[in-house]
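Please read the sequence and structure below together with the account that follows. The discussion proceeds through surface, core, pocket and charged side chains.

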Amino acid sequence: MEPAQSQQRTAPGAVSAFARFVVCGGGVGLASSFAVAALTAWLPWALANALVTVAGTLLATELHARFTFGAGGRATWRQHAQSAGSAAAAYVVTCVAMFLLQQLVATPGAVLEQVVYLSASALAGIGRFAVLRLVVFARERSRVPAAPRASAPTGRAALCRAA
């Protein structure tokens, strides 16, 4: 029974993986939003967002490899590179959202900026989840054999059925 349990931990289902993605990725995203806001005192917003996106992507990819998608350890360089592509798309989404906010509101407050940034990040996050699950970490899941749907009878029950 132990192998089936470890396989389930290694390859979580879509709902479980999404919940873990929200906790890990959302936590990194929330911390990133505050880091971007703090860095804009010294750097232009786009540069601050780029730096935080790179650092957050590295951290989130490690968390997703270890916990979200059950890859069983550290993320490989290839997984980091593939994840960077989806992070680049998320960066574009957040930049466009903030640019549109600046065009629509002359002097947006910090709260409105956070709402727009986090909303754009959440939208991009849904796309990132799909890419990470179906592309980046899909190979890792395919290497683990699927858990059996029903356990075969053992012991006396097996002998009775065989007879």
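The coordinates are those of a predicted model. A convenient starting point is Val 92, which lies in helix H4, the segment spanning residues 77–104. Its relative accessibility is 49%, so Val 92 is classed as partly exposed, given that the exposed class begins over 50%. Together with Val 96, Phe 99, Leu 100 and Leu 104, Val 92 forms a nonpolar surface patch, and the five residues have about 510 Å² of accessible area together.

Helix H4 also contains Ser 83. In contrast to the partly exposed Val 92, Ser 83 has a relative accessible area of 0% and is therefore buried. Leaving aside residues up to four places away in sequence, Ser 83 touches Thr 57, Thr 61, Arg 128, Leu 132 and Val 136.

A second buried position is found in helix H2, residues 14–39, where Val 36 is placed. With 3% relative accessibility, Val 36 counts as buried because the limit for that class is under 20%. Its contacts, again without residues up to four places away in sequence, are Trp 45, Ala 48, Asn 49, Val 52 and Tyr 117. Val 36 can also be related to Gln 114: the two are 78 residues apart in sequence, while their C-alpha atoms are 10.0 Å apart in space.

Attention may now turn to the largest pocket, whose volume is about 590 Å³. It is lined by 28 residues, of which Gly 25, Gly 26, Gly 29, Ser 121 and Gly 125 are the closest to its centre. The elements that supply two or more lining residues are H2, helix H3 (45–68), H4 and helix H5 (110–136). Of these, H2 gives the most, with 9 residues.

The charged side chains remain to be considered. Across the whole structure, a search finds 2 salt bridges. In one, the side chains of Arg 66 and Glu 62 meet at 3.4 Å, N to O. These residues are separated by about one helical turn, because they are 4 residues apart in helix H3. Arg 66 is partly exposed, with a relative accessible area of 42%, whereas Glu 62 counts as buried at 12% relative accessibility.

Glu 62 also meets the side chain of Arg 74 in a salt bridge of 3.8 Å, N to O. This pair links distant parts of the chain, since Glu 62 is in helix H3 and Arg 74 is in the loop between H3 and H4, 12 residues apart. Arg 74 counts as exposed, at 61% relative accessibility. Through shared partners, the salt bridges join Glu 62, Arg 66 and Arg 74 into one network.

How values were computed:
Residues are numbered from 1 along each chain as its sequence is written. This is a predicted model: local features need pLDDT of at least 70, side-chain atom pairs count only at pLDDT 80 or more; totals for chains, interfaces and linings use all residues. Side-chain values use heavy atoms; hydrogens and water are left out. Patches are made of residues with over 30% relative accessible area and no salt bridge: like charges are joined within 9 Å, nonpolar side chains (Val, Leu, Ile, Met, Phe, Trp, Tyr) within 5 Å. Accessible areas come from the Shrake-Rupley method with a 1.4 Å probe; for residues, only the protein chains shown count as cover. A salt bridge is a side-chain nitrogen of Lys or Arg within 4 Å of a carboxyl oxygen of Asp or Glu. Buried means under 20% relative accessible area, exposed over 50%, partly exposed in between (1.4 Å probe, protein chains only). Contact means heavy atoms within 4.5 Å. On a 1 Å grid over the protein atoms alone, a cavity is a set of points where a 1.4 Å probe fits but cannot get out, and a pocket is an open set with protein on both sides within 12 Å along at least five of seven lines; lining residues have an atom within 4 Å of a point. Grid points are joined across faces, edges and corners, and a volume is the space filled by probe spheres set on the points.
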